[in-house]
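Visitor: I have a model open on my screen and I'd like to learn how to read it. Could you walk me through a few features?

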Amino acid sequence: MVIDIKGLSKRFHKKTVLYGLDMHLENGFYGLLGPNGAGKTTLLRCMVDVYMEYEGEVRFDGQRLRDSRQLLSHIGYLPQKFDLFRELTLYEMMLYFASLKRIDRREQAKEAERVLELVNLSHEKGKRCSALSGGMIRRAGIAQALLGDPPVLIVDEPTAGLDPEERIRFKNVLASLRGERIVLLSTHIVEDVESLCDRIIIMDHGMFRCNASVQEVCAAAQGKVYEVEEEQLRALSQYEVVRTLPREQGGTAYRVLTNEPLQAPLLHPTVEDGYLSMIKGI
């Protein structure tokens, strides 16, 4: 599967949210990063035809999404806000989604069982959706996106509301999907992108800042990341504190991103450092 986006622009009344985006995706894992309001969710909604009014084109294997609604059956999509019919059981809900995706009726029960097992919800399948916790509902959203084993998987903040154990399970589920498919993961959790994705797409103010490998994103902060003491921090004019580093003997040091050369230990940059360097212009 190949996805091509050309000249994609989206406006809401007088406000432009996406500015002529071009993107080419082939089989692999892509992480989509950007601050709130960057346009990530709007981009994903255009890619799955939630927003049908936009300028430009979205093509899957050369076919325009606008010309072939059947293409949507090849896309697994987890929206940022996801909910269930409260009066149905979880299993009934999966069967309903399987029907919407036009999965063969003879395969629907088997598929529902498969995806619920993947997200560790098989033991909850008889519960009414109204009795599920927020984390369970999020996992159910991941399950419905995986129905039919789609060649394209688009997920928007998939680990929001999941506890650490569930996040690890989800990451393992995604890792098991490697192969002939495109996975586009939009998240605020840089660690998930760093551990899962082959390439990282960074958005800001409705435009792409980069579509690069993990190593290339890290390299954007090469020579700019230091471990500094508090008195050194006060002397800097332009910097970004990435995180604090508590000392065993007391006190605090800081992992800092800055363009200013320092007499301080230089640290190996991470994806988070490279991302901040691009977004903050450091």
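Guide: Happy to. Keep in mind that this is a predicted model. Let's start with a sheet: three strands make an open, antiparallel one in the order β11-β13-β12.

Visitor: Which strands stand at the edges of that sheet?

Guide: To read an edge, look at partners. β11 (225–228) and β12 (240–246) each have a single partner strand, so one side of each has no neighbour in the sheet. Neighbouring strands here are turned by 20° against each other on average, ignoring direction.

Visitor: Over how many bridges do β12 and β13 pair?

Guide: Six bridges, in the antiparallel sense, with β13 covering residues 252–257. If you want one pair to click on, Glu 240 has Leu 257 in β13 as its bridge partner.

Visitor: And which helix packs on this sheet?

Guide: That's α9, residues 271–280, which touches β11, β12 and β13. The direction of α9 makes about 150° with that of β12.

Visitor: Let me zoom out. How many helices and strands does the chain have?

Guide: Nine helices and 13 strands. The C-alpha atoms fill a box of roughly 70 × 45 × 35 Å along the principal axes.

Visitor: What share of the residues counts as buried?

Guide: For burial, the cut-off is under 20% relative accessible area. By that rule, 51% of the 282 residues are buried. The accessible surface of the chain is about 14100 Å², and carbon and sulfur atoms hold 49% of that.

Visitor: What about contacts between residues far apart in sequence?

Guide: Take the contacts in the chain with a separation of 6 or more: residues 24 or more positions apart account for 66% of them.

Visitor: And the charges: how far apart are the mean positions of the positive and negative ones?

Guide: They are 5 Å apart, counting 37 positive and 40 negative charges.

Visitor: Now a single residue, please. Is Phe 29 buried or exposed?

Guide: Compare its relative accessibility with the cut-off. Phe 29 has 3%, so it counts as buried. You'll find Phe 29 in strand β3, residues 28–33.

Visitor: Which residues does Phe 29 touch?

Guide: Leaving out residues up to four places away in sequence, the list is Leu 174, Leu 177, Arg 178, Val 183, Leu 196, Cys 197, Asp 198 and Arg 199. If you'd like a distance to try, pick Val 119: its C-alpha atom is separated from that of Phe 29 by 19 Å, and the two residues are 90 apart along the chain.

Visitor: Val 183 is on that list. Which strand should I look at there?

Guide: Go to β8, residues 182–186. Five of its five residues are buried, so β8 is largely enclosed by the rest of the structure. When you read a strand, check which way the side chains point. From β8, Ile 182, Leu 184 and Ser 186 point one way, while Val 183 and Leu 185 point the other way, and all are buried.

Visitor: How do β3 and β8 run, parallel or antiparallel?

Guide: Parallel, joined by five bridges. Tyr 30 stands opposite Leu 184 in β8. Strand β7 (residues 152–156) also pairs with β8 in the parallel sense, over five bridges. There, Val 155 has Leu 185 as its bridge partner.

Visitor: I also see a sheet that involves β1. What is the strand order there?

Guide: The order is β2-β1-β4-β5, in an open sheet with antiparallel pairing. β2 (15–25) and β5 (63–64) are the edge strands, each pairing on one side only. Between β4 (residues 55–60) and β5 there are two bridges, again antiparallel. Arg 59 is paired with Arg 64 in β5.

Visitor: Last topic: backbone angles. Which loop holds His 13?

Guide: The loop between β1 (3–12) and β2. When reading phi, look for positive values in residues that aren't glycine; His 13 is such a case, with phi near 60°. With a relative accessible area of 79%, His 13 is exposed.

Visitor: What is the phi of His 205?

Guide: About 50°, which is positive although His 205 is not a glycine. His 205 lies in the loop between β9 (199–204) and β10 (207–213). At 59% relative accessibility, His 205 counts as exposed.

Key. Residues numbered from 1 in each chain as written. Predicted model: local features only at pLDDT ≥ 70, side-chain atom pairs only at ≥ 80, totals over all residues. Heavy atoms only, no water. Helix = DSSP H or I, 4+ residues; strand = E, 2+ residues; numbered from the N terminus. Buried < 20%, exposed > 50% of the residue type's maximum accessible area, 1.4 Å probe, protein only. Contact = heavy atoms within 4.5 Å. Areas by Shrake-Rupley, 256 points an atom, 1.4 Å probe, with all protein chains shown as cover. Lys, Arg positive; Asp, Glu negative; His and termini not counted. Charge placed at Lys NZ, Arg CZ, Asp CG, Glu CD. Pairing = 2+ DSSP bridges. Axes fitted to C-alpha atoms, helices over the stretch in contact; angles between N-to-C directions.
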